Amino acid sequence: MMLVRVLSLLFVLLGFAGSAIAVEAPAKNEPLKTAAQQVAKKVDINKADATTLQDAMVGVGEMKAKAIVAYRDANGAFSSVDDLLQVKGIGAKTLEANRDRLIVE
């Protein structure tokens, strides 16, 4: 009886572990990227469109991405990534979550 419980628990744990490491398959004709390539590519907030910002940034959806572009269009280029704090809807937590993904050129 104890062996059955242990095996059942092991099965459940392995089942959850397997689902936790699932990876999304790349789209057709999209080259495979290594983890280093995915992390290494930073987005220039002075050049990126709203879709690119939305895709690159954690916690930034369509509306916040459009707000970043609108702010840039109205106020000129960002001089640093910290300038994103001036955009309505972008707070310190969002900035810190994305700092390593962004650049200003």
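Where is the place of lysine 41? Keep that in mind while you get your bearings; what you have open is a predicted model.

**Whole chain.** Colour by secondary structure first. The protein chain comes to five helices and two strands, and from the N terminus on the elements run α-α-β-α-α-α-β. Now switch on the surface: the chain exposes about 7,900 Å², with carbon and sulfur atoms supplying 61% of that area. Of the 105 residues, 22% count as buried. If you like contact maps, take the contacts between residues at least 6 apart in sequence: 51% of them join residues at least 24 apart.

**Lysine 41.** Back to the opening question. Select lysine 41 and you land in the loop between helix 2 (35–40) and strand 1 (43–44). Lysine 41 counts as exposed because its relative accessible area is 64%, and the cut-off for exposed is over 50%. Next, add isoleucine 103 to the selection. That residue is 62 residues from lysine 41 along the chain, yet the two C-alpha atoms are separated by 9.8 Å.

**Arginine 72.** Move on to helix 4, residues 62–75, and pick out arginine 72. Is arginine 72 buried or exposed? Buried, and without a salt bridge. Show aspartate 73 as sticks too: it is the nearest side chain of opposite charge, 4.3 Å away. A salt bridge here would need a side-chain nitrogen within 4 Å of a carboxyl oxygen.

To see what surrounds arginine 72, leave out residues up to four places away in sequence and select its contacts: Ile45, Asn46, Lys47 and Ala48, then Ala77 and Phe78.

Key:
Residues numbered from 1 in each chain as written. Predicted model: local features only at pLDDT ≥ 70, side-chain atom pairs only at ≥ 80, totals over all residues. Heavy atoms only, no water. Helix = DSSP H or I, 4+ residues; strand = E, 2+ residues; numbered from the N terminus. Buried < 20%, exposed > 50% of the residue type's maximum accessible area, 1.4 Å probe, protein only. Lys, Arg positive; Asp, Glu negative; His and termini not counted. Contact = heavy atoms within 4.5 Å. Areas by Shrake-Rupley, 256 points an atom, 1.4 Å probe, with all protein chains shown as cover.
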